[in-house]
Amino acid sequence: MGKEDFDMGAIDIAWCPGCGDFAILNALKEALGELGKKPENTVIISGIGQAAKTPHYLKCNFFNGLHGRTLSPAMAVKASNPELDVVITTGDGDMYGEGGNHFLHAIRRNTNITVLICNNMVYGLTKGQASPTSEKGFKTPIQYKGVILEPFNPMSVAIALDASFVARANCGDLQQTKEIIKKAIQHKGFALVDIFQPCVVYNKVNTYPWFKQHTYNLDERYDPSDKKEAFMKALEMDKMPLGIIYLSREKKTFEENIGVYDRSNDPLFKRKHDIKKIMKMIDNKRLHAAQSEMGSLIG
Amino acid sequence: MAQNAAGNGNKKVFTDDVSLVISGAAGKGILTIINVLTKTLKQSGFHVFATNEYMSRIRGGTNSAEIRVSSKRVSAFINRIDILVPLDKGAIPHLKERITKDTVILGDKGQAAADIPMTDIPFGNIALDLGKSVFENVVAAGTLLGLFGIKPELLDEVLKGQFGSKGEEIVKKNIEAGRAGLEKGQALAKAGTVRIELIPDKNVANELFLNGTEALGIGAISGGCDFISSYPMSPATGVLTFIAQQSKEFDIVIDQAEDEIAAINAGLGAWYAGARAMVTTSGGGFALMTEGVSLSGMIETPIVIHIGQRPGPATGLPTRTEQGDLSFAVYSGHGDFPRIVLAPGTIKDATVLTHKAFNLADRFQIPVFILSDQFFLDSYTTCPDLEVEKLPVERFITKTAKDYKRYKLTSDGISPRGIPGYGEGLVCVDSDEHDETGHITESEAVRNAMMDKRLVKKAAAILKEAIPPQIIGSKDYSTIIVGWGSTHSAIAEAIENLGRKDVAFLYFTQVFPLQAGVADTIKKAKNMILVENNASGQFGKILQLATGMVPHHKILKSSGAPFTVEELVEDFRRLIK
């Protein structure tokens, strides 16, 4: 049992040589393997972009859907079968750009899923345009004078929404990335890990050395349960903290809150509706005088 | 149904069908009146049909509800107003085009500020005598019920049901108000102002009374729906509300999504993981869902989509009705892939077809649409039974083996559908073109094989299963009237009123895809008349593509209102020589 369970063997991988995605793929496989997870019980949801190709490169069930739409199917898979381990692997464009609205509301739902964002601060697959996390002044063929928008700060937004687990890693540090991913998977609730990753072709600014120079590891004395302190950390820009930045107080997950698993833990596919209850529901529409429920006639 | 009010000054006798219209501002309590009226009348053994039209606002404006009370089953909207109860000064101007010299107007003359003759019944003062003006709606309901000779005890029971949650005192006062109204009504009947001589049928008391929204929701649940994700939008929100209300009993996942894009992508995720999911929306919301329709086509993951149509383009008329999104549903989503579009026109069809939509989606792994509209969703009618116990719930999930391939090429184009966590295999789906295992490919050979499987082979299997249209009326027709979905009730009643032996109605509940053989049924007629509640005859174009048949005449309406029986009768008379 381990990383090798998830290995695909000799396969053709579409990433560029030196891409940070290789490191993240390795970290993910090791994390899953070390946690004793099984490919047939793991579902990886991804969108569009280079990072979104990740599930093709490890053994797992996967739903490689549309651009920006990872969070909705991930919620649905977990809510339909909470026994599955659900992990999202996608990029900064997919999650923070195209999927931005879903990002806000998925945090509010607090589905028990792990969200890994490979953040390279550029659009790779469409050949080098600005991403929501590109720094101001970053030049591209479209933003030829440099990016004029403020960069999106996923850490501070997630903390503001009281995401239950907010972390940041740098794929240049494989060991640390793996450990954070493991903790995110083990965490009950919505776990966000933003992973710094260079794009060796389209981002000549935010390189492996740049990320090393502009980050530091949170030390063991840091208390991620202190929300104010977490905000302060999330706002540090010159040197950005790596590690678990924020942990909310334990709260119920979406699957727990919907009540569907109060009476039974069976996933939905093992159930069927009771025909007697259906007949009773229909009989209520005979509207015998004593029944009060009629629904609304006027909208 | 023939006009049966014998005009005699202000004295009317109704023997088999009477239409009551109540009108006033939103927030005036029309809802209470309608609930009390319909429930009591139906329990007394009368067939009841109720529909309403309302403005897109929470308070004010002018709304109206039409209640048809009949000795036989009715479910169509009629223009005729036999008895009008105006609740405020906006009501009579709002309905002036439908008021004739035969319309009996009953009500509080002061409040209605009527400039035409009406029978003054001071609902407000009667209510004040009982302590509060809020009881005036129950006085009004009681008055109308008095005309029908309703048993006071039955009204008492209905009022207990209606107001029971508000405490004994409120119940007692409402019962007094109801009884005071009944006396007024009985007095009017005795004086001969209005005489209603409908014969009740005690079997009706045990029938169902429900609207399109509820019938659709019931069909979804009986079809195994255990997941719904949607964003509220009139007129389709009711289905989400209905299923949410039932979710506790049936353990259904309810997700009010942040937008329609999220809703349909969640629906697909749910089916992928073994649930049976649906989304409900209207045209504008569906516009956001189209990427998900295409995704369903590509990853061959089922989805059931309810579109409660309202007039567009854009925001259009938010609370009005139209059959304007058929073309959109049929052509939505980029790329080529098969789909099925169903459109119920009766309450029972709403249940049966929605139930069936889940089976079809699961079997063919495609998007299946239910098209309804505001008129259909908001209209109530009596129905003997839905017979859901006769409807099978067909599930097609397969347990996966180690070497499972999600997109295995098969002779009928249908690859056995596994789900994650059920078996030893891996279930891999991709929005990119993919090989049999679900992995990305750009191989032309694989692409061709997948298009052949997904589109050509499956479309043929789907077409073979198409629900044929139903012929209503004469079997020996020379004129055929073509309609679909919610126009069913008005067309059926209109041809009955027409009373001609050479006219039939071809009622379509599956509007896409159509079997070419439908042409044979149409060719038997010399004259084809297309009836659609939209501006361009959208179904006519689909019919022409499938059969080559072109209607001789089109009756189209896109004003935001449903067809009335009377206008169809008039049009048919003009177009059928």
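**Group meeting: a walk through the two-chain model**

Let me begin inside chain A, with A:Val193, which, leaving aside residues up to four places away in sequence, touches A:Val115, A:Leu116, A:Ala167, A:Ala169, A:Ile180, A:Ile181 and A:Ala184. Apart from the core that holds this residue, there is a second, separate core of five residues, and among them are A:Met121, A:Tyr123, A:Cys199 and A:Tyr202. As for the main one, the largest nonpolar core has 249 residues, and A:Leu116 and A:Val193 are the members that touch the most others.

I should say at once that this is a predicted model. The predictor gives the complex an ipTM of 0.96 and a pTM of 0.96. Chain B has a mean pLDDT of 95, with 98% of its residues at 70 or more. The exception I would point to is residues 1–9 of chain B, where the pLDDT is below 50, and where the model shows 17 contacts beyond near neighbours in sequence.

Now back to the second core, and to A:Tyr123, which sits in the loop between strand 4 (114–119) and helix 5 (154–160) of chain A. Is A:Tyr123 buried or exposed? A:Tyr123 counts as buried because 25 other C-beta atoms lie within 10 Å, the cut-off for that class being 20 or more. Not counting residues up to four places away in sequence, A:Tyr123 touches A:Gly93, A:Gly128, A:Gln129 and A:Ser131. A:Asp94 lies 29 residues from A:Tyr123 in sequence, while the two C-alpha atoms are 9.5 Å apart in space.

Turning to where the chains meet, the contact takes 79 residues from chain B and 57 residues from chain A. On the chain B side, helix 10 (residues 260–272) gives the largest share, eight residues. Sorted by class, that side of chain B has 40 nonpolar, 22 polar and 17 charged residues. There is also strand pairing across the chains: strand 2 (residues 61–64) of chain A and strand 19 (residues 428–430) of chain B run parallel and are joined by three bridges. Within that pairing, A:Phe62 has B:Cys428 as its bridge partner.

Within chain B, I would like to pause at helix 6 (residues 152–163), whose 12 residues reach 16 Å from the first C-alpha to the last, close to the 16 Å expected at 1.5 Å a residue. Its buried residues are B:Leu155, B:Val158, B:Leu159, B:Gly161, B:Gln162 and B:Phe163, and what covers them includes helix 1 (30–43), helix 5 (136–147) and helix 7 (168–191) of chain B.

Finally, some backbone details. Most residues other than glycine have a negative phi, and most peptide bonds are trans. Against that background, B:Ser234 and B:Pro235 are joined by a cis peptide bond with omega about 0 degrees, in the case of B:Pro235 within the loop between strand 10 (227–230) and helix 9 (237–250) of chain B. The bond from B:Phe512 to B:Pro513 is cis as well, with omega near -10 degrees, and B:Pro513 lies in the loop between strand 23 (510–512) and helix 17 (518–523) of chain B.

A positive phi, near 60 degrees, is found at A:Asp162, which is partly exposed, with 16 other C-beta atoms within 10 Å. B:Gln365 also has a positive phi, of about 60 degrees, in the loop between helix 13 (347–364) and strand 15 (367–373) of chain B, but B:Gln365 counts as buried, with 24 C-beta neighbours inside 10 Å.

Definitions and conventions:
Residues numbered from 1 in each chain as written. Chains lettered and ligands numbered in written order. Predicted model: local features only at pLDDT ≥ 70, side-chain atom pairs only at ≥ 80, totals over all residues. Helix = DSSP H or I, 4+ residues; strand = E, 2+ residues; numbered from the N terminus. Expected span 1.5 Å × (residues − 1). Buried ≥ 20, exposed ≤ 12 C-beta atoms within 10 Å, placed from the backbone. Contact = placed C-beta atoms within 7 Å. Nonpolar A, V, L, I, M, F, W, Y, C, P; charged D, E, K, R; others polar. Pairing = 2+ DSSP bridges. pLDDT = per-residue confidence, 0-100. Core = buried A, V, L, I, M, F, W, Y, C linked by C-beta atoms within 7 Å.
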